[in-house]
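Colleague: Please take a close look at a single part of this model for me, the second largest pocket. Begin with how far the prediction can be trusted.

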Amino acid sequence: MKKPNPSSVKVSNPAASGSSRQVQRASGAQPWPRRTLLGVGMILAELWFNTGIIWGLFMLLWAVMGVSSGQTYIFEPLIKEEYPVLFWCVITLWFVIAGLLFISHPYIYGLISSAMT
């Protein structure tokens, strides 16, 4: 069996690959990712309180971040320049789901129905 060429072998050790950001994370020098921790905390709060509002906020944030960055994710990355129709369909879906989750909250639904009468 032929041995692989050393230049074609991929290195999985962050310290050996030379990426300073990966080395800092591996050594613990970088602080924890605050937005990820906030997201995990929001998911846990939603599971505890079961209101639907936090899922609506997530959908709204995903839609706004998708519009601002030009890419979104649904099982795989969708870039606006490559798949514009599909990109806008997914972004619209995020906005519609966010709106439905907000409207379905009993307090907001009560406000809307009392304003319509």
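Modeller: Confidence is lowest in helix α1 (residues 14–17), at a mean of 52, and highest in helix α5 (residues 84–103), at 92. These are pLDDT values, the predictor's confidence in each residue, from 0 to 100. Over the chain the mean is 80, and 75% of residues reach 70 or more. Where pLDDT is low, the predicted coordinates should not be read in detail. This is a predicted model, so local features need pLDDT of at least 70 and side-chain atom pairs count only at 80 or more, while totals for chains, interfaces and linings use all residues. Residues are numbered from 1 along each chain as its sequence is written, and side-chain values use heavy atoms, without hydrogens and water.

Now the pocket. A pocket is an open set of points on a 1 Å grid over the protein atoms alone, where a 1.4 Å probe fits, with protein on both sides within 12 Å along at least five of seven lines. The second largest one holds about 260 Å³ of space, counted as the space filled by probe spheres set on the points, which are joined across faces, edges and corners.

Its lining residues (an atom within 4 Å of a point) are R35, T36, L38, G39, M42, F58, L61, W62 and M65. Helices α3 (34–49) and α4 (53–69) each supply at least two of them. The most come from α3, with five residues. Helices here are DSSP runs (H or I, at least four residues), numbered from the N terminus.

By type, the lining has six nonpolar residues, two polar and one charged. Met, Leu, Phe and Trp are among those counted as nonpolar, Arg counts as charged, and Gly is among the polar ones.

Notes: Helix = DSSP H or I, 4+ residues; strand = E, 2+ residues; numbered from the N terminus.
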